[in-house]
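Dear colleague,

Please find below the structure that I agreed to pass on to you. My findings follow it.

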Amino acid sequence: MSESFCRLDRRVAIVTGGARGIGAAVSRELAAAGATVCVNYRSGRETAEALAEEVGGIALQADVSEPAAAAKLITDAEESLGPLSILVNNAGITRDTLIARMSDEEWNEVINTNLNGMFHTCRAVARGMMKRRSGSIVNLTSVVGIHGNAGQTNYAASKAGIIGFTKSLARELGSRGVRVNAVAPGYISTELTDVLPDEAKDAVLQSTPLARLGDPSDIAGPVRFLCSDEARFVTGDVFLVDGGLGM
Ligand code: NDP
C-alpha cells in the first residue's frame, strides 16, 4: 500500500461522541492519518481530554441534540483549529424496549440524539464546506436501520432516518464538492452493546458470516477511507461494515 493511501494531512476533523467506543477508534484513526481532530463529548470529560491529548487535538463538550449547543460546537471547533473538512456524526444512544412499553421520553431521547443531533451538526458545517467546495461527512447508521430489530423501533427509526438524510444531503451538496456517506456497523463490542443479554449476542454471532463480533477499530478504517481523497467518487453510499450480518 502506498504511504499516501488515505492520508488526511492538513485536514481538520470533528468526531461527535468521539471519546469512547467507535468514536474513540475513529478519532485515533483520523489523527493517525494526519488530521487534526476535535473530540466532542457530552459527559465523559476526563476520557475526552485524555484522548485529545493523546491524538494532539482538542476536546469540546456539547450535547448535539441541543440545536444551539451543536452550532456552538462547530463554531468553537473552527475558531480553535480552522475550517472543518471532515465531520463524523457518531454520537448515538439506545433506549431499547417493546413498543407497548415505550415512553415518549425513550422515543424522543433517541430521535433527538441520533437523528436531530446529526441534522444540527450537518446544518452547521454545510455553508462553510460548500463555500470551500470541499468536505466529507460520514454519518453512523446501523444494520438495524436497514433490517429493523424487535425492541428497537426508536433506534431503527433514527438510523433509517439517517440513511434517507445522508442520501438527500449527498444530492444537495454533491455539485459543491461535498461528499456525504453513511457507515452501517453490525454488532460492535462497546458500552452500547455490552448490556445485551448473552443469548442476544450468541444469536448475532450465529448470523454473522465472519463468525465474530466487531471491534471499534473495524469501523475506523472504513470511516477514514470515506473521509479521504481515495473515496472522491463515493457519495450517498451506505457502507455496511458488519461481518456480513446485514447482507
Ligand atoms: P457508545 O455508547 O460506546 O458511545 C456513544 C458515544 O456517543 C459516547 O461518546 C457519548 O458521549 C456520545 N453521545 C451520546 N449522546 C450524545 C449527545 N447528546 N451529544 C454528544 N455526544 C453524545 O456507543 P458506540 O461506540 O457503540 O456507538 C457509536 C455509534 O455507532 C452510535 O451512533 C451507534 O448507534 C452506532 N452503532 C453502534 C453499533 C454497535 O454495535 N456498537 C452498531 C451500529 C451502529 P459521552 O460518553 O460523553 O456521553
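The notes below address the ligand site and then one pair of helices.

Please bear in mind that this is a predicted model.

The ligand is surrounded by 30 residues, of which Arg 20, Ser 43, Tyr 155, Ile 188 and Thr 190 come nearest. By type, this shell divides into 13 polar residues, twelve nonpolar and five charged. Helix α7 (191–194) provides the largest share of the shell, three residues. At least two shell residues each are supplied by α1 (21–32), β2 (36–41), α6 (153–173) and α7.

Several polar atoms of the ligand are placed beside polar atoms of the protein. An oxygen atom of the ligand lies 2.5 Å from an N or O atom in the side chain of Tyr 155. The backbone takes part as well: an N or O atom of the Ile 22 backbone is 2.8 Å from a ligand oxygen, and a polar backbone atom of Val 64 is 3.1 Å from a ligand nitrogen. On its own, the ligand has 910 Å² of accessible area, and the protein covers 97% of this.

The second finding concerns helices α3 (residues 67–81) and α4 (residues 104–132), which pack at an angle of about 35° with their axes 7 Å apart. Their crossing is right-handed. From α3, the residues in contact are Pro 67, Ala 70, Ala 71, Ile 74 and Glu 78; they meet His 120, Thr 121, Arg 123, Ala 124, Val 125 and Arg 132 of α4. The residues of this contact comprise six nonpolar, two polar and three charged.

Yours sincerely

Notes: Residues are numbered from 1 along each chain as its sequence is written. This is a predicted model: local features need pLDDT of at least 70, side-chain atom pairs count only at pLDDT 80 or more; totals for chains, interfaces and linings use all residues. Side-chain values use heavy atoms; hydrogens and water are left out. A residue is near a molecule or strand if one of its heavy atoms lies within 4 Å of it. A polar contact is a pair of N or O atoms within 3.5 Å; within protein, one must be able to donate a hydrogen and the other to accept it, and residues adjacent in sequence count only if both atoms are side-chain atoms. Accessible areas come from the Shrake-Rupley method with a 1.4 Å probe; for residues, only the protein chains shown count as cover. Helices (H or I, at least four residues) and strands (E, at least two) are DSSP runs, numbered from the N terminus. Ala, Val, Leu, Ile, Met, Phe, Trp, Tyr, Cys and Pro count as nonpolar, Asp, Glu, Lys and Arg as charged, and the others, Gly among them, as polar. Axes are lines fitted to C-alpha atoms, for helices over the stretch in contact, and angles run from 0 to 180 degrees between N-to-C directions. A crossing is left-handed if the near helix is turned anticlockwise from the far one by less than a right angle, and right-handed if clockwise. Contact means heavy atoms within 4.5 Å.
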